[in-house]
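Hi there,

I'm passing a structure on to you, as promised. Have a look at it first, and then read on for my notes.

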Amino acid sequence: MAKSRVALVKVHPQAVASTILNTVRETINLLGGLENFCRKNNTVLIKPNISYTGALYCTNPSVTWAVAKTFSQYGCKVLIGEDPSIHIKEEIAYAKYGLYELTEQAKAKVVSRRHWPHSKVKVPESGFFSEIQ
């Protein structure tokens, strides 16, 4: 099994958008650059883990924007989608997260994953889940 590569770069959670954008790009470059992940004109799906608005376990919307903008400027078609883990309409969750505004700014598109086909898969050596859907 191939080993995953991980890069961590610290940024203040309330940093301005340009700082977050530069930090995201720095992190991607530490992993070898965008060309290691995709080709121009590829479609990229970003899943930001939208759950309870403002929760610490949601991806910071500025980070989602920065990742989307980086891939979009590289020449990819960027989709941002979620199957929200909360029991409200996803449009409400997306609006509270600011997803519609950030996708427009990043030249991305919102897609719903709630009604996409799902399949169950076994999780080898799992600590919490034995299978996920």
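Below is what I found, going from the whole chain down to the sheet and the helices on it.

Please keep in mind that this is a predicted model. The protein has 4 helices and 5 strands, and along the sequence these follow the pattern α-β-α-β-α-α-β-β-β. Of the 133 residues, 35% are buried. The exposed surface comes to about 9,300 Å², with 55% of it supplied by carbon and sulfur atoms. Among contacts with a separation of 6 or more, 62% are between residues 24 or more positions apart.

Now to the sheet. Three strands form an open sheet in the order E1-E2-E3, and their pairing is parallel. Strand E1 (43-46) and strand E3 (109-112) are the edges, each pairing on one side only. From one strand to the next, the twist averages 35°. As a general reminder, strands of a sheet pair through backbone hydrogen bonds. Here, strand E2 (residues 77-82) and E3 are joined in the parallel sense over 4 bridges. If you want a place to zoom in, try Gly81, which stands opposite Val111 in E3.

Which helices pack against these strands? Helix H3 (residues 90-97) packs on the sheet and touches E2 and E3. The direction of H3 makes about 145° with that of E3. Helix H2 (residues 61-74) lies across E1 and E2, and runs at about 150° to E2.

Happy to talk it through whenever suits you.

Best wishes

Terms used. Residues numbered from 1 in each chain as written. Predicted model: local features only at pLDDT ≥ 70, side-chain atom pairs only at ≥ 80, totals over all residues. Heavy atoms only, no water. Pairing = 2+ DSSP bridges. Helix = DSSP H or I, 4+ residues; strand = E, 2+ residues; numbered from the N terminus. Axes fitted to C-alpha atoms, helices over the stretch in contact; angles between N-to-C directions. Contact = heavy atoms within 4.5 Å. Buried < 20%, exposed > 50% of the residue type's maximum accessible area, 1.4 Å probe, protein only. Areas by Shrake-Rupley, 256 points an atom, 1.4 Å probe, with all protein chains shown as cover.
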